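Colleague: I have just opened this entry, and I would like to learn how to read it step by step. Please take me through it.

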Amino acid sequence: MAKARTIFFCSNCGASSPKWLGKCPHCSEWNTYQEELIQKETSAEEKRRSWAPTTGGRAESPKATLLQQVQTGRTQRLKTPDEELNRVLGGGIVPGSLVLIGGQPGIGKSTLLLQVAMRVPARILYVSGEESEEQIKMRADRVGEFVSECYILAETNTTKILQQAQELQPQLMIVDSIQTMSTPHLESAPGGIAQVRECAGELLRFAKETNVPIFLIGHINKDGDLAGPKLLEHIVDCVLQFEGDRHNTYRILRTLKNRFGSTDEMGIYEMQASGLREVSNPSELLLSQKDEELSGCAVAATMEGMRPMLIETQALVSKAVFGTPQRSATGFDMRRLSMLLAVLEKRCGYFFSINDVFLNLAGGIRVEDPAIDLAIVASLISSLSDVSIPANICFAAEVGLSGEIRAVTRLEQRIAEADRLGFKEIYVSKYGMKGIDPKRYNIKIYALGKVDELRGALFT
Ligand code: TYD
Ligand code: MG
């Protein structure tokens, strides 16, 4: 009989120690060590391949290969009918890859992957540790028709799951969720660090050895991190985050890590009564529909990855009632807002220090592209001076500390998108105009050097 023993794991970085430690020597966090009961391993090799048939095995020792001679033909990406997902993954699902999708409860992770399971024309195994087969079928009936050969397995024991997968030989596997899975090799409760790490490790070995891609669904804790923390992000090839406001129908799929593609792509979906719908033209949804022109609104021509997107920024500047004025930003970095306010005070003579400032981006979206700066500055001035900006004007430039308007990347694409959507004027940096021929577009391009020039152009 194997002897039971316990090990302590750091809940922050996943480091382990045979005894409790107050401070983790790896990540320097305090009080993160938690006891996990694990069983003494029977035999490393036996445990490693417990799901595999007993015949065969690897007798020969591994050999190193010359990098130039490594065969790459095998990695034909599996395209899904969902273009948003393909783009986020860098052009389809890579065989043998392990993809983790994280998100708040109820955001639509299971729905998204069930739709993939139903629509990719391949043999698919959908393993659920959260819902029963009937519950999944009920959901499947709501979201559409079957194209794929989709098998459902309600099971949480990884050995049984991998045995079933061996038998079925699916081309894609989905595991909902990694926190509900448990391996019989460990006695600790599912969802614990040791269990999550071990189960993810077993699935990873299965994916790499059989070349079957696996999607894992992961829960997020209240701080917004993936529960069973960072350690999962290191194990998997790809980390996607599904986010959005539960009270809003739009959902955004972002790449946080991707070994096979860029990490600044994003996919946009809309949650409908019949499941998730891809939104292939995001600008139309991020520009609010309104008839009258109001002060405090400005449109930014931003880029998310390779895709241009026009987003409406809204600012409200009002007189502060109490001593310290409030500042609040949704979808935008607070520190950057403070910096832009300081630039406006110091360089342009607009005084915000006695006012509350609220900033909001349409659609509950979060933007990190610095090209949004100029639109935010314009909306702040517009609200402060109560002068509206015509709805057919947009902005694309970064604002520097001395009030200079700085050039941004891919300006041509931004201009072309604004032009396509029928905007009449775009304000950009004069330092980024090299190689851009204004005559090619119907939209009028204003190239500015300093924020102060906005005053003359828009607010007189
Ligand atoms: P779900 O995929 O279960 O979320 P997660 O797996 O991330 O916890 O999604 C649940 C929510 O989605 C639920 O609040 C209802 C909503 N929903 C729809 O609006 N339409 C649909 O067709 C489906 C299946 C779900
Ligand atoms: Mg779910």
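Colleague: Which residue in E16 stands opposite Ala329?

Modeller: First, some ground rules: this is a predicted model, in which local features need pLDDT of at least 70, side-chain atom pairs count only at pLDDT 80 or more, and totals for chains, interfaces and linings use all residues. Residues are numbered from 1 along each chain as its sequence is written, chains are lettered from A and ligands numbered from 1 in the order in which they are written, and side-chain values use heavy atoms, without hydrogens and water. Strand E15 (327–330) and E16 are parallel partners joined by four bridges; strands (DSSP E runs of at least two residues) and helices (H or I runs of at least four) are numbered from the N terminus, and two strands pair if DSSP finds at least two bridges between them. Across from Ala329, in E16, stands Leu359.

Colleague: What is the bridge partner of Gln314 in E16?

Modeller: Here we look at the pairing of E14 with E16, where seven bridges hold the strands in an antiparallel arrangement. Within E16, Gln314 has as its partner Asn360.

Colleague: How many of the seven residues of E16 are buried?

Modeller: Buried means under 20% relative accessible area, exposed over 50%, and partly exposed in between, using a 1.4 Å probe and protein chains only. E16 is largely enclosed by the rest of the structure, because the number of buried residues among its seven is five.

Colleague: Which strands are the edges of the sheet that holds E16?

Modeller: Seven strands make up this open sheet of mixed pairing, in the order E15-E16-E14-E13-E17-E20-E21. From one strand to the next, the twist averages 25°. A strand at the edge pairs on one side only, which here picks out E15 and strand E21 (444–448).

Colleague: What angle does the direction of H10 make with that of E14?

Modeller: H10 packs on this sheet and touches E13, E14, E16, E17 and E20; contact means heavy atoms within 4.5 Å. Angles run from 0 to 180 degrees between N-to-C directions, with axes fitted to C-alpha atoms (for helices, over the stretch in contact). Against E14, the direction of H10 makes about 30°.

Colleague: Which domains give residues to the largest nonpolar core?

Modeller: A nonpolar core is a set of buried Ala, Val, Leu, Ile, Met, Phe, Trp, Tyr and Cys residues joined through side-chain atoms within 4.5 Å, and the largest one here has 46 residues. Strand E11 (266–272), helix H9 (334–348) and helix H12 (453–458) are among the elements that give two or more residues to this core. The core lies between two domains, because residues come from both domain 2 (80–278) and domain 3 (285–458).

Colleague: Which residues have the most contacts inside that core, and which residues does Leu454 touch?

Modeller: The residues with the most contacts inside the core are Leu344, Ile365, Leu380, Phe395 and Leu454. Leaving aside neighbours within four places in sequence, Leu454 touches Leu374, Val377, Ala378, Ile381, Phe395, Tyr427, Leu448 and Phe459.

Colleague: How far apart are the C-alpha centres of domain 1 and domain 2?

Modeller: Domain bounds come from an automatic or database assignment, which gives domain 1 (1–41), domain 2 (80–278) and domain 3 (285–458). Between the C-alpha centres of domain 1 and domain 2, the distance is 27 Å.

Colleague: What is the bridge partner of Arg251 in E11?

Modeller: E11 belongs to an open sheet of nine strands with mixed pairing, in the order E6-E5-E7-E8-E4-E9-E10-E11-E12. Strand E10 (250–258) and E11 run antiparallel, with five bridges between them. In E11, the partner of Arg251 is Tyr269.

Colleague: Is Glu425 buried, partly exposed or exposed?

Modeller: Glu425 sits in strand E20 (425–429) and touches residues including Asn392, Ile393 and Tyr446. Because its relative accessibility is 22%, Glu425 counts as partly exposed.

Colleague: How many disulfides does the whole structure have?

Modeller: A disulfide is a pair of cysteine sulfur atoms within 2.5 Å. The sulfur of Cys13 is 3.7 Å from the closest cysteine sulfur, in Cys27, so it is too far for a bond. For Cys297, which is buried at 9% relative accessible area, the closest cysteine sulfur is in Cys394, 14 Å away, again too far for a bond. Across the whole structure, the number of disulfides found is zero.
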